[in-house]
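Q: Could you take a close look at one part of this model and explain, in connected prose, how its two sides compare? Please finish with some context from elsewhere in the model.

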Amino acid sequence: MSPRPLLRPGSLASRIWLRYSDNLPAVLSLVLLLGLFLIAAFAPFLSQDRPIYMDGSSPLLASFSNLDWFWLGLATSSIVAAITWHLRAGKSNCAVLVVGFATLTMALFLLITANSHPVHERRRYRVEEEERAQLAQLDQEIRNRNLGPKRAVELERSFVEDSGQSQIVALEVFERLAFIEQGKFETGAYEELVNHNESELTSLQNAIYPINRFDPNLPGFLILRGPYQGPHTWGSDGQGRDVLARLIHGTRTALTVALCATLLIAILGLVFGLCSGYFGGIVDRSLTRLTELVLCLPVLAIMVAAPAWFPREWRRSPFFLVAFLGLTLWPQAARLVRGEVRRCRQLDYVRSAIALGLKNHQVLRRHIVPSIMPPFLVSLGLTAGNIVLLEASLSFLGIGPANQPSWGGMLAEARGAALLGESWHLAVFPGLAVVLCMLVFNVLSQSLERAINPRR
Amino acid sequence: MKIPSTPKFSKRPLSALGILLTILFINFLLIQATDTHRLRQENLGSRQTSPEEIEERIAVFRREFDLDKPIVTRFFSWMKKVAILDFGHGMIDPRPVRTIVGEALSQSIWLQIPSILLFFLIGIPLGVFMAANAGGFFDRILGSLLLGAYAMPTFWVATLLLIYGATSSGYDIFPLEGLSSPKMEGACTWVWLKDRGAHMVLPVFALSLPGVTVIARQTRSAMLETLSSDFILAARASGISERRVIWVHALRNSLLPAATLLGLLLPQLVGGSVVVESIFNVKGIGLLLWQSANARDFPVLQALILLSTILTLVGFVVADFMATRLNPKVSRA
């Protein structure tokens with residue numbers, strides 16, 4: 001294979017890219033979209049209460065869900081694609097970028113697969129020096145035995161509620177104070193507990209942690225704290241879960257649903273639109289009827305009503321959501337493709353290609369698909385934005401992935417919590433995230449359209 | 001933010017009829033596919049309805065939809081019932097479905113009609129104003145504001161309105177939920193209207209925001225296209241005032257997208273208001289849909305799905321009709 005740059009100079013794609021990259025908001029939205037995807041792909045590395053790496057093991061991998069594996073699979077396949085690309089094509093800036101991103105993913109992937117064995121729950125956490133000092137002080141007090149149940153409750157409050165300790169220290173305090181409250185303070189058992197925990201905490205000295213040290217689903221002791229009140233940077237919700245962690249993992253939910261549903265819509269729309277526009281006749285007529293029928297289905301109403309006909313678990317399954325969105329939203333894409341294909345088919349170069357006796361799949365692949373791609377991508381960008389919005393609305397109503405934080409679900413919880421008082425951050429942050437995502441997709445497809453048709 | 005293309009039913013009225021028949025058939029299948037066993041299981045030990053009541057209602061449901069008879073008999077008896085709008089009795093609320101849906105519809109109308117009116121009364125003038133000042137300061141400011149408003153999810157706006165408009169504002173101008181205060185039954189018309197208006201402000205605002213942004217942006221781009229055409233140049237050259245050129249000559253030719261949208265907004269009567277109605281606790285169609293989906297109230301669900309699909313179809317036909325009236329070229333193309 002002869003070396004070939006990513007974008008051949010003078011080709012349609014390279015001209016569109018030149019016009020597109022000239023537009024500041026367009027490039028900005030592209031960068032933001034890439035950033036959102038990076039956040040989604042590396043969510044467990046950004047926010048998780050387990051260390052990424054600690055002497056000889058990686059506790060993260062033990063807790064990986066299907067979604068984590070999906071993203072890792074995506075990242076790995078992008079590596080393979082980038083490397084093949086790099087080998088086949090000549091060097092170009094874009095390819096270098098993709099390879100850089102891919103190498104980073106590969107490194108992290110190797111890091112977590114190389115050292116995977118389950119660890120004791122306790123060893124996942126890190127305790128700051130300051131917190132260790134406080135624990136030692138508590139220890140001293142317990143050992144001096146000048147600690148009645150009343151003093152224990154006071155200490156509990158001063159540790160957990162007032163100073164805003166991290167969850168593990170709070171647990172530790174509870175566990176030690178329980179000895180006193182139950183009135184069965186035996187030096188032997190207490191010593192054993194403390195020594196055991198201390199040794200485990202010491203083994204965490206050299207661990208590497210995510211930036212935000214909270215799990216999105218783990219309830220905590222600090223309820224409804226505002227941003228920068230206590231250890232939660234962006235506050236905590238009604239169950240004491242970290243808002244930032246939930247936002248980061250919610251990005252992953254939103255983008256996974258948007259990506260999968262858009263892919264499904266793209267495939268269905270492309271196949272039906274190409275068949276209908278290229279072959280015409282009875283194929284066209286029957287497919288058009290089908291398209292019109294599906295177009296007449298009210299998407300939101302059906303999405304809300306449909307789970308009644310299926311088992312209750314399906315209501316909370318991401319695959320159900322993706323399948324339903326894909327199966328109800330494809331007609332718009334199919335109509336667009338059909339129109340474009342019919343327009344292309346009249347053009348001289350396509351007619352001459354057919355007259356030359358090229359096979360149908362050759363004409364479609366070489367001459368028709370490349371020229372319908374730009375407008376198709378524009379409409380897919382809009383669709384992806386709409387899907388983010390639909391996913392948020394549906395999870396607001398309780399339809400969508402369970403056990404996985406989502407922006408819509410966070411807002412639904414915020415509605416209940418907001419009536420309690422000062423918890424503006426619960427309603428504002430997830431909403432802003434949806435707005436950002438929608439804006440990115442819309443600006444992206446709008447400026448792509450402008451780059452394709454500069455005259456408008 | 002493109003207007004979705006609508007099927008051209010004016011050229012093929014028969015195809016609309018075919019779709020209607022298919023929709024009816026799908027609805028018939030929906031009733032056949034109900035799983036009463038699951039309903040029975042889920043109802044055991046939950047909610048206010050006792051197992052005996054549920055058994056009784058399932059029996060009524062099976063009798064009403066002739067689920068014990070052969071499928072051909074079922075189909076014809078179902079068709080007969082649908083023709084006279086008889087959808088049986090609800091499973092949670094044992095009244096006839098027609099009454100339940102009618103009651104909810106009478107609540108939804110109070111939100112939907114004003115918000116659809118607002119779409120056009122605010123959206124179109126806004127779009128025309130922006131197009132008249134195209135490229136100017138106000139156009140750019142309004143343009144980015146509208147893009148921001150378009151990106152805001154309705155349920156977020158509604159939640160924020162509920163939190164900051166209704167609860168913590170400290171004034172009692174906007175009540176928290178429902179469409180009327182308790183004890184409003186015997187009040188005089190003026191007081192009742194005032195109360196209803198206060199209840200309507202927040203939900204109607206939340207419902208109309210996305211539509212207003214879409215219509216304003218569509219009208220703006222359509223106006224820009226019209227204003228650059230030759231007949232506008234001719235109208236200006238013949239000395240017609242600029243205001244008349246814009247609001248009469250150009251506007252009439254730029255109404256096509258807004259008119260199409262009117263048709264597309266009809267089905268919103270059912271689906272679009274689920275979120276807003278559930279936030280503001282308005283007992284309308286949307287909330288009814290959500291509650292019956294949660295409780296598996298199949299007769300009500302079937303009626304609602306049929307209603308919203310038919311509304312979508314009618315919306316397409318209306319959009320198509322408007323398009324051909326406004327621009328006869330459409331029907332010939």
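A: Leu24(A), Leu28(A), Val31(A) and Leu34(A) are exposed (over 50% relative accessible area, with a 1.4 Å probe and protein chains only; partly exposed lies between this and the buried cut-off of under 20%), and they sit on the face of helix 2 of chain A that is turned away from its buried side. This is a predicted model, in which local features need pLDDT of at least 70, side-chain atom pairs count only at pLDDT 80 or more, and totals for chains, interfaces and linings use all residues. Residues are numbered from 1 along each chain as its sequence is written, chains are lettered from A and ligands numbered from 1 in the order in which they are written, and side-chain values use heavy atoms, leaving out hydrogens and water.

The buried residues of helix 2 of chain A are Ala26(A), Ser29(A), Leu33(A), Leu36(A), Ala40(A) and Ala41(A). Because they cover an arc of only 135° around the axis (taken from the directions from the helix axis to the C-beta atoms), they lie on the same side of helix 2 of chain A. An α-helix has 3.6 residues a turn, so residues three or four places apart point the same way.

The length of helix 2 of chain A, residues 24–41, also agrees with expectation, because its 18 residues at 1.5 Å a residue should span 26 Å (1.5 Å times one less than the number of residues) and its end C-alpha atoms are 26 Å apart.

Elsewhere, chain B has 15 helices and zero strands (DSSP runs numbered from the N terminus, H or I of at least four residues and E of at least two). Of the 333 residues in chain B, 47% are buried, and Leu117(B) is found in helix 5 of that chain, residues 97–132.
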